[in-house]
Amino acid sequence: MRSNTPTCFLRGTKAIKAIIRVRISQHDAHYGGGLVSGAQILGLFGDAATEVLIRQDGDEGLFVAYDEVVFLAPVYAGDFLEVSATLERKGNRSRKFSFQAIKVIEASRDLSQPSKAHVLAPPVVVANASGTCVIPRQGSK
């Protein structure tokens, strides 16, 4: 079983890597055949970054920009994703992150067996990204 808050090391200091695991619902499907929009994955990246910001800085912060987003495999309703955000660099107020979304369980696309699913071994990387968040100046709230 994986921890929800594993740690990693960033230039000799302890940094937090947040991991969230979610099931993509039918409500999240945007396109025909239950295909999910990439915007859903970006929202999950934001959620994972928010956890890191709260743990590191005590504030949700704001997402400023993505530097790069690469979608590598489709995501469908019923799939389970594991989404991670890793703090790569920490400035005065800026926080640079890398993100990854992997599919760990894939729902059946067979309409005659809609409740079937299988664990992916190995998991499939569906998206990678990098981006920047900022926290408020101290005392600005």
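**Group meeting: core, salt bridges and surface of a predicted model**

Leu 72 is found in the loop between E3 and E4. I begin with this residue, and I should say at once that the structure before you is a predicted model. Leu 72 has a relative accessible area of 48%, so with the limits for partial exposure set at 20% and 50%, Leu 72 counts as partly exposed. Together with Val 70 and Val 125, Leu 72 makes a nonpolar surface patch of about 200 Å².

Before going further, a word on confidence. The mean pLDDT of the protein is 87, and 87% of the residues reach 70 or more. Residues 1–12 have a pLDDT below 50, and this stretch has 26 contacts in the model beyond near neighbours in sequence. I would ask you to keep that pLDDT in mind when looking at residues 1–12.

Let me turn to the interior. Which residues of the largest nonpolar core touch the most other members? This core has 25 residues, and the ones in question are Ile 41, Phe 45, Leu 81, Val 83 and Phe 97. Two or more core residues come from each of these elements: strand E2 (13–23), helix H1 (38–57), strand E4 (80–90), strand E5 (94–107) and strand E6 (117–134). H1 gives the largest share, with seven residues.

Phe 45 deserves a closer look. Leaving aside residues up to four places away in sequence, Phe 45 touches Tyr 66, Val 83, Phe 99, Gln 100, Ala 101, Ala 127 and Ala 129. One of these contacts, Val 83, is also among the core residues that touch the most other members.

I now come to the charged side chains. The count of salt bridges comes to eight, and I shall describe three of them.

In the first example, the side chains of Arg 21 and Glu 82 meet with an N to O distance of 2.6 Å. Arg 21 lies in strand E2 and Glu 82 in strand E4, and the pair links parts of the chain 61 residues apart. Are the two partners buried or exposed? Glu 82 counts as buried because its relative accessibility is 8%, under the 20% limit. Arg 21, at 48%, is partly exposed.

In the second example, Lys 96 pairs with Asp 67, and the closest N and O atoms are 1.8 Å apart. Because Lys 96 belongs to strand E5 and Asp 67 to strand E3 (residues 62–71), this salt bridge ties together parts that are 29 residues apart in sequence. Here Lys 96 is buried at 16% relative accessibility, whereas Asp 67 is partly exposed at 48%.

In the third example, Glu 106 forms a salt bridge with Lys 103, with 3.2 Å between the closest N and O atoms. Lys 103 is buried, with a relative accessibility of 3%, while Glu 106 is partly exposed at 22%. This pair belongs to a network in which salt bridges with shared partners join Asp 79, Lys 103, Glu 106 and Arg 109.

One point of backbone geometry remains. Most peptide bonds are trans. Where does this model have a cis peptide bond? Such a bond joins Ala 121 and Pro 122, with omega at about 5°. Pro 122 is found in strand E6, one of the elements that give two or more residues to the core.

Conventions: Residues are numbered from 1 along each chain as its sequence is written. This is a predicted model: local features need pLDDT of at least 70, side-chain atom pairs count only at pLDDT 80 or more; totals for chains, interfaces and linings use all residues. Side-chain values use heavy atoms; hydrogens and water are left out. A nonpolar core is a set of buried Ala, Val, Leu, Ile, Met, Phe, Trp, Tyr and Cys residues joined through side-chain atoms within 4.5 Å. Buried means under 20% relative accessible area, exposed over 50%, partly exposed in between (1.4 Å probe, protein chains only). Helices (H or I, at least four residues) and strands (E, at least two) are DSSP runs, numbered from the N terminus. Contact means heavy atoms within 4.5 Å. A salt bridge is a side-chain nitrogen of Lys or Arg within 4 Å of a carboxyl oxygen of Asp or Glu. Patches are made of residues with over 30% relative accessible area and no salt bridge: like charges are joined within 9 Å, nonpolar side chains (Val, Leu, Ile, Met, Phe, Trp, Tyr) within 5 Å. Accessible areas come from the Shrake-Rupley method with a 1.4 Å probe; for residues, only the protein chains shown count as cover. pLDDT is the predictor's confidence in each residue, from 0 to 100.
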